Each structure stands twice: as C-alpha cells, then as structure tokens.
Amino acid sequence: MSNLRLAIVGAGPAGIYAADIILRAERQHGVSIDLFEQLPAPYGLVRYGVAPDHPRIKGIITALRDVLDRGDIRIFGNVRYGVDITLDDLKKHYNAVIFSTGAIKDADLDIPGIDLEGSYGAADFVSWFDGHPDVPRTWPLEAQSVGVVGVGNVALDVSRILAKHADDLLPTEIPANVYEGLKASPVTDVHVFGRRGPAQVKFTPLELRELGELNDVDMIVHDEDFDYDEASKNAVATNKQVFVIDKVLNQWRQREVGQASRRLHLHFYAKPVRVEGEDGRVTGLTYERTRPDGAGGVEGTGEFRTVELQALYRAVGYFGSPLDGIPFDEKRGVIPNHEGQVIDDDDQIVPGVYATGWIKRGPVGLIGHTKSDAMETVQHVLTDQANWWTPASPEPEAVDELLRSRGVEYTDLDGWHRLDQHEMALGEPEGRVRIKVVPRDEMVKVSRGE
C-alpha cells in the first residue's frame, strides 16, 4: 500500500473511531488523517446529543480524547464542509474522504397539528440543553403539561430533563442559560406516549431506572398496559433487557404516589393520531388506544383519548442531512452506500468517497455500534487503492494555507485543549466538572488563544 492522505468529515465518535482503526491497521504504511468538524469542539453527539446528567455515557469522551491526544491525527474545527472546504478541495489534497456527519435533524411525525406552535422536535431541544452553539440561547418552557412522543432513549432524556428539578442538574456541565430556563419552568406533568406495549420499548434499562430516581417526581404507570399477550410474555421470559424493563415498571406500579410536586406519566398502547390546537397553539394530543395483534405488533381498537397539553415534543428518531456534491437518499436520510462505499443513483461506486456512522446506516444503534460500523468502511478504504484520487497538492501544509487564504478561523487540537481547560476552570469554583462555553464566537476565541 502506498501512502494514504485521508480526510474525514465529522469529528464525532464515528469519525474518530474510523481514524483510530485505520491508523492501527496500517502502522507499517504512511497514513495521514485530517479530521474536519463544523463545530469548534470535537465529539459530536457525545458532547451535544447526550443529556448533561449522563456522566457514565459521557465517559466515552475519555476514550475519544485518548485517540486524538496521540498526536497522529490533525483536527480542523469550525470548518464547514460545502462552505469553507469543498469536495473539489478534498480531491486536490487527499486520496479519499470518509463522511461521518451523523444525523442531527428530527424525523417527521406525520399527523395533523404537528406544526402548531408549541410542537417541537426533540433534537432541537437536546441541542439547546446541551449548549449547542448554533441554536438560540432561550427555549419556551411555559407549559405545565408536556407530551413526549416516543419510547427510545432520546424520548426518555427529553422527558427526564423536562421533569427533573433544575437544581438537581447543577452538579453537571449544564450551561447557565439552560439552568435558568429550566429553573423557571412551570411544568408539573410530563406524558410519554408509545404506540406499542412495555415489552416492545426501545429504551435501555439504565435509562428507565434513571427516571425512577428523580427527586420529587412520581412515576405514573397504568395497570391496563400490563395485560400481556403471549408474544410479550415470551419477550419478558427470553430477553434479559426486556425482563429488567418489565421488572422496573412493575416495581413502579407498587409505589405510593401523590406526594411529589411533579409527575411523569407513561402511556403505552397509545398511537398519536392528532395534535389538538386552539388559536394556533398546542392544547392536547389525541391518541388511539392500541392492542397486541398476536404477531408482535399492535392494531387499533377504535378507542380515542385526549390528554391536555400545552407543549409536545416528538422523539421518533433522527434524520440525516444532504452534503454538497454527495449522493443522498431523501427517504432514509443517509448517503447511499455498499458497506461504506458510496454509490450513485446508478448503483455505481463513487471513487474515493466513503461513509460511516449514522449518515451511513441511519440513526440506529448505540455509540458502541459505531466501532464495528467504522471497521467495515475502513476495510474498503484500505483495499480500494485503485479507486483513490490522485491529489495535486498532497502536502499537509497546503490545507492550512487554503483555509487561511479563505479567512476561515479554524481551530486545532491545541485549541480544543485550551477550550477544554477553560470550561473546566469555569466549573471549578462551583464544584462542577465544567461549564460549557456556548456562543460559537467565544468558543473560537478561547480555542485560538485570542
């Protein structure tokens, strides 16, 4: 194998894992990798998609930091693909590119009223409470009764942050503006809706247990949701994760409730059919009661119920975004590919272009699944030398010169270390691990030592 100059667009777990795998696989050969990230800081959804009260999951950052800190990967932060650097630029300076841009938009929920004021995408809310620099500093937390559609981990994150008392988030890295917003929230009730039963939920036992540990929040479950069919009974008996989830939920059924100032309601067998509204604002959610169909799915019962709400969040999945000059599947929200090799509309391999992570396979699987996914893509990169580009200017310094000539205020690994240390210093007087810097211009200024 001859020397490989590789660009990776997206410095979240998918991109960093791909870089690590390829460098470990090719220690005898010349491989140089540049990571491009549109945000001034790395780590993607681990930094901006995991709730601040999840320190155990955020521990993944330690492993990612170890990869970057080896010093054999360059990182260019605050660089937007398609704006600051283009596909033609990459072809001029690299042999190949891997796109690992993830999926940050909300999937649609196609029911009447979903566009009413007070109806939000969970991804936008997560970006707000995680201090994403490209979302507004404020969030309209004005509802006493809030609904969350979905039974995945994101739905539980959103529900937990909405129901949790703001003071209980102070030990985390929650940004100051987020704390103030949540502190002023008048919420008393959070309703979670899932169209299937407790044995078919998508969240993990850890996420569920954390809900039950909330201070001054009652967990409300309904006995009618636990009349299991044979398929559900079998799932509980044969799947350890389902068994634990069922055990936790049944423990909640035995709890005394009524003393807490807030309540979190879990509604199973509840298929959303319409968002109710008045004067253009959300006033409730109407759902159809479902029942098991005997084959692991559900069917409608024809019984409709309405829960009064003043705000609704849809947490029904993420969706990828198209990239300039790269094929895109509008239905699935991914880059079309064969095992990471990008393919065009005629199913032909696009030379030199690869994908990994959620933009490759869709927003499914936990962060850990990203490693095996990256390995599949990397294997093709290493064996596809005949499809590599032949760069006219492969020297590393040419990329720095290009970005400087365009006035791009890019950040590098040393800059991330400066920002990281600055955030930790902000948190130290308050006994916190860090306080995130939120405005992009301030992040860039600190990173560049200006």
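The following exercises, each with a worked solution, examine selected features of a predicted model.

**Exercise 1. Salt bridge within a helix**

Determine where the salt-bridge partners Arg24 and Asp20 lie, and classify each as buried, partly exposed or exposed.

Solution.
Step 1. The closest N and O atoms of Arg24 and Asp20 are 2.9 Å apart, and the two residues form a salt bridge.
Step 2. Helix H1, which spans residues 13-25, contains both partners. They are four residues apart, or about one turn of the helix.
Step 3. An α-helix has 3.6 residues a turn, so residues three or four places apart point the same way.
Step 4. Asp20 has a relative accessibility of 11%; because buried means under 20%, Asp20 is classed as buried.
Step 5. Arg24, with a relative accessible area of 48%, is partly exposed.

**Exercise 2. Two further salt bridges**

Establish which residues pair with Arg70 and Arg434 in salt bridges, and state the accessibility of each partner.

Solution.
Step 1. Arg70 meets Asp72 in a salt bridge through their side chains, with an N to O distance of 3.2 Å.
Step 2. Arg70 is partly exposed at 33% relative accessibility, and Asp72 is likewise partly exposed at 33%.
Step 3. Arg434 forms a salt bridge with Asp420, and here the closest N and O atoms are 2.6 Å apart.
Step 4. This pair links distant parts of the chain, its members being 14 residues apart. Asp420 belongs to helix H15 (413-427), whereas Arg434 is in the loop between H15 and helix H16 (440-447).
Step 5. Arg434 is buried, with a relative accessible area of 8%, and Asp420 is buried at 6%.
Step 6. Arg434 and Asp420 also belong to a network of salt bridges that links them with Arg47, Arg65, Asp130, Glu173, Glu423 and Lys436.
Step 7. In the whole structure, a search finds 37 salt bridges.

**Exercise 3. Helix H14 and its end**

Identify the buried residues of H14 and what they pack against, then describe Ser405 and the residue Gly407.

Solution.
Step 1. Helix H14 covers residues 397-405 and includes Ser405.
Step 2. In H14, Ala398, Val399, Asp400, Leu402 and Leu403 are buried.
Step 3. These buried residues pack against three strands, S1 (4-9), S2 (31-37) and S3 (73-77), and against helix H5 (87-93).
Step 4. Ser405 has a relative accessibility of 60%; since exposed means over 50%, Ser405 is classed as exposed.
Step 5. A polar atom of the Ser405 side chain lies 2.6 Å from the backbone oxygen of Leu402.
Step 6. Just after H14, Gly407 takes a positive phi of about 70 degrees.
Step 7. As a separation across the model, Ser405 and Phe193 are 52 Å apart, C-alpha to C-alpha, and 212 residues apart in sequence.

**Exercise 4. The buried side of helix H10**

Explain why the buried residues of H10 are assigned to the same side of the helix.

Solution.
Step 1. The buried residues of helix H10 (residues 230-238) are Ser232, Ala235 and Val236.
Step 2. Around the axis these residues cover an arc of only 95 degrees, and therefore they are on the same side of H10.
Step 3. On the other side of H10, the exposed residues are Glu230, Ala237 and Thr238.
Step 4. Helix H11 (240-253) is included in what covers the buried residues of H10.

**Exercise 5. An open sheet**

Derive the strand order, the edges and the pairing of the sheet that contains S11, S12 and S13.

Solution.
Step 1. The three strands form an open sheet, ordered S11-S12-S13, with antiparallel pairing.
Step 2. S11 (270-278) and S13 (298-308) are the edge strands, each pairing on one side only.
Step 3. From one strand to the next, the twist averages 25 degrees.
Step 4. Eight bridges join S11 to S12 (residues 281-292) in the antiparallel sense.
Step 5. Gly277 stands opposite Val282 in S12.

**Exercise 6. The surroundings of His267**

Is His267 buried or exposed, and which side chain makes a polar contact with its side chain?

Solution.
Step 1. His267 is located in strand S10, residues 262-267.
Step 2. Its relative accessibility is 9%, so His267 counts as buried.
Step 3. The side chains of His267 and His191 make a polar contact at 2.8 Å.
Step 4. With neighbours within four places in sequence left aside, the residues in contact with His267 are His191, Val192, Phe193, Gly194, His222, Asp225 and Tyr287.

Notes: Residues numbered from 1 in each chain as written. Predicted model: local features only at pLDDT ≥ 70, side-chain atom pairs only at ≥ 80, totals over all residues. Heavy atoms only, no water. Helix = DSSP H or I, 4+ residues; strand = E, 2+ residues; numbered from the N terminus. Buried < 20%, exposed > 50% of the residue type's maximum accessible area, 1.4 Å probe, protein only. Polar contact = N/O pair within 3.5 Å; in protein donor to acceptor, adjacent residues only side chain to side chain. Salt bridge = Lys/Arg side-chain N within 4 Å of Asp/Glu carboxyl O. Contact = heavy atoms within 4.5 Å. Pairing = 2+ DSSP bridges. Axes fitted to C-alpha atoms, helices over the stretch in contact; angles between N-to-C directions. Arc of directions from axis to C-beta.
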